[in-house]
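Trainee: I am new to this structure and would be grateful for a close look at its cysteines. Please then place them in the wider setting of the fold, taking the discussion step by step.

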Amino acid sequence: MSFSLVCIAVVSFVLAILGHILVMPPSLPCVLGGTVGVCSLAGMALVWRDVSSRMKGEGRTPGSLLSQYLAVKGVGWLGRRQRKNLEADTLNVKRVQEQTLLMRLRKTADTSYGRQYDFNSIKDSVGYRARHPITTYEHYRELIGRIAAGEENVIIPRKPLILAMTSGTSGPSAMLLSTKDTNTEFFLQGVAVCLEAMGRAFPATDSLQRTTKFFYSPTFRQSEAGIPIGPNSSTPASSRHMLNLYTTPAAAFEVPSEKDTLYLHLLFALKDPSVGTLESNFASTVFYAFSALQDRWPELVEDIEQGKVSSTLALEAKVRSRLEALMKPDPDRANQLRAHFQEGFRGIAKRLWPHLHLVLAVDSGSNQIYGEMLRENYCHGVPFYSPFYAATEGLIGVNLWPQEPHRRYMLCPRSMFCEFLPERSLEEETPPTLLMEEVKEGESYELVITNASGLFRYRLGDIVKVVGFHNQCPIVEFQYRRGQMLSVRGEKVSEALFLNALKRAVAQWAGAQLVDYCCAESGIMGDSIGGSDPHYQVFIELKGVRNLTEEQRYKLDVCLQQDSAVYKSFRVKGSIGPMRVQLVAEGAFKELRKHMMAFSNTSPNTFKMHRVLRRKEYAGFLLGKTVS
């Protein structure tokens, strides 16, 4: 059916619904009522024919199918409109960035902060950069503390929706402001545009199949003024109007335990053989889900066979009752699942869900390793789409090329006003910045942003490489976080550089498969490792090997020397000692993840594994898990 016919049908259907709600004035001609009635019936028929022609899950009610259909059509229309607007913006990036900056300044001009810097008198980016200094989080700590205590009109004109905690991968978690503007921009410029790109690249996703979305209900606390404090990410509560699109029932999100909620995610996903998409914020969450599935599949299959929910889950009686009302014995599905699991776990996703079209999750940066492991093992043969480049500070870029293997993101010119610090200038006291239209392909920069939630010329800490342009708009690849650099003598080994060396070394260890890793600089280890030259302490979890020879361990050091001339020079001079490579027990990184989340109050929805450990207790925890 053509898109125009479907649009007419949807409008007619909406008119039919409104006709039941609104009472038509008696003075209107009867013929109008008859015409609307005929159009409504015709519209409903067209809509239902389109609904019926699409792939959909089993046991769906007409109401749930229709609500999903209308949501998909509505977001599809919005995505096309937003993509058109974005394409127009990329033709004149300088003008759009100036507009974005001035809009940010005008909205905050009457705050105490805006008056301090006289935002009202700033006419362009030249005046802005001359008047306002480059900032870091310390510039805002006291200001945000005042907002948390209840003071109004400090940096932003309205009370924030939440006080958003960062993931803390490059230092302690920071508390930032999350506003309605930030969320609206993320949806319009991010979600809508990426869904449009996804639909173009993967037409099969335009169906009425359900999605399994691995996300959890975070714990929020309150500031002195009653403002919620917690993660700024997609949560079941913020997605409550969309829960009917997912396989997991609403009652599961009332379960406080991540472990038990994950079990329920898996249970209801396995019940539905027609799942179309697996989704999460990050590939790591999907990877942990499949790891749990590999451990607990016998218990899950038994629940499906008997139509129950495992008694090992700590559930309130009312929640258990609601969940078990959705369970019916299904021995046929259980037998299918048992046979699939007994075949092994490589490519298991496509066997469990034959109509699975996509894994939708960010798999760049610190999540690259998890994306690679999923593609190689559990999700072999399933396409991946890494849609956004985003942070607690807001939307940064969108991936308009879902099928390309290298994750590239076009910067969104209306989301933030962006400046760029050249990588070579990062240590300067007052480094000069470039604007979006001034950056060069092949060069790396730290992003400096002015956003919709009270950050002005803020050093984000992300280093990106410009790899091209879409019209005038830069396309970037994430490189590393400044706080996640290894440097014991000033050599500065980035996460990407180290991971590439590690992957090459592991490829030379017969039978070994990398599960996870992190590093620590010897200086934070103290007396726990004995005296020696400064060096890297490397913790690795592997599958397929139980021990590493000294020759294998040294291979990693050799690979890094081959990739980094600076590291090699320090090693040759003896200024840096050889790496110490520790093989840790199976499951050690799962335990570390729990330990880190508990310490930093990070939600499973936003957690990112720290590749360089800055806390001695984290490194000590893994040292205690060393098996070789």
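Mentor: The sulfur of C194 has its closest cysteine sulfur in C412, at 7.6 Å, which is too far for a bond. A disulfide would require the two sulfur atoms to lie within 2.5 Å. The model shown here is predicted, and a search through the whole of it finds zero disulfides. C194 itself is buried, with a relative accessibility of 3%. C418 likewise takes part in no disulfide; the nearest cysteine sulfur belongs to C473 and is 8.6 Å away. With 2% relative accessibility, C418 also counts as buried.

The sheet comes next. Eight strands form an open sheet with antiparallel pairing, in the order β9-β10-β11-β16-β15-β14-β12-β13. Its edges are β9 (388-391) and β13 (434-435), each of which pairs on one side only. Within the sheet, β11 (residues 409-411) and β16 (residues 473-481) run antiparallel and are joined by two bridges. In this pairing, M410 of the one strand stands opposite I475 in β16. Helix α4 (residues 93-108) packs on the sheet and touches β12 (417-422), β14 (444-450) and β16. The direction of α4 makes about 110° with that of β12.

The loop between β11 and β12 holds R414, a partner in a salt bridge with D89 of helix α3 (residues 62-89). The closest N and O atoms of D89 and R414 are 2.9 Å apart. This pair links distant parts of the chain, 325 residues apart. D89 counts as buried at 10% relative accessibility, whereas R414, at 29%, counts as partly exposed.

The structure holds 39 salt bridges, and further examples deserve attention. E254 and R322 form one, with their closest N and O atoms 2.8 Å apart. E254 lies in the loop between β5 (228-230) and α9 (258-271), and R322 in helix α11 (residues 317-324), so this salt bridge ties together parts that are 68 residues apart in sequence. E254 is partly exposed, with a relative accessible area of 44%, and R322 is partly exposed as well, with 40%.

Another salt bridge brings together the side chains of R614 and E521, with an N to O distance of 3.1 Å. R614 is found in the loop between β20 (612-613) and α19 (616-623), while E521 belongs to strand β17 (residues 513-521); the two are 93 residues apart. R614 is partly exposed, at 37% relative accessibility, but E521 is buried, with a relative accessible area of 13%. Salt bridges can also share partners: in this way E427, E446, R459, R482 and K492 are joined into one network.

A further group of strands is centred, for this discussion, on β6. Five of the six residues of β6 (residues 277-282) are buried, so the strand is largely enclosed by the rest of the structure. Strand β3 (residues 211-213) pairs with β6 in the parallel sense over three bridges, and K213 has E279 of β6 as its bridge partner. Strand β7 (residues 358-362) also pairs with β6 in the parallel sense, over four bridges. Here T277 stands opposite L358 in β7.

The nonpolar interior completes the picture. In soluble globular proteins, nonpolar side chains tend to be buried together. The largest nonpolar core of this model has 99 residues, and those with the most contacts inside it are L264, F290, F341, W353, F498, L542 and L556. Helix α10 (residues 283-306) gives the most to this core, contributing 12 residues. Setting aside neighbours within four places in sequence, F341 is in contact with L270, L293, W297, V301, I348 and L352. Apart from this core lies another, of 69 residues, including L86, L360, F456 and L460.

To return to the request, both C194 and C418 are buried, and neither the pair of C194 and C412 nor that of C418 and C473 forms a disulfide.

Definitions and conventions:
Residues numbered from 1 in each chain as written. Predicted model: local features only at pLDDT ≥ 70, side-chain atom pairs only at ≥ 80, totals over all residues. Heavy atoms only, no water. Buried < 20%, exposed > 50% of the residue type's maximum accessible area, 1.4 Å probe, protein only. Pairing = 2+ DSSP bridges. Core = buried A, V, L, I, M, F, W, Y, C linked by side-chain atoms within 4.5 Å. Contact = heavy atoms within 4.5 Å. Axes fitted to C-alpha atoms, helices over the stretch in contact; angles between N-to-C directions. Salt bridge = Lys/Arg side-chain N within 4 Å of Asp/Glu carboxyl O.
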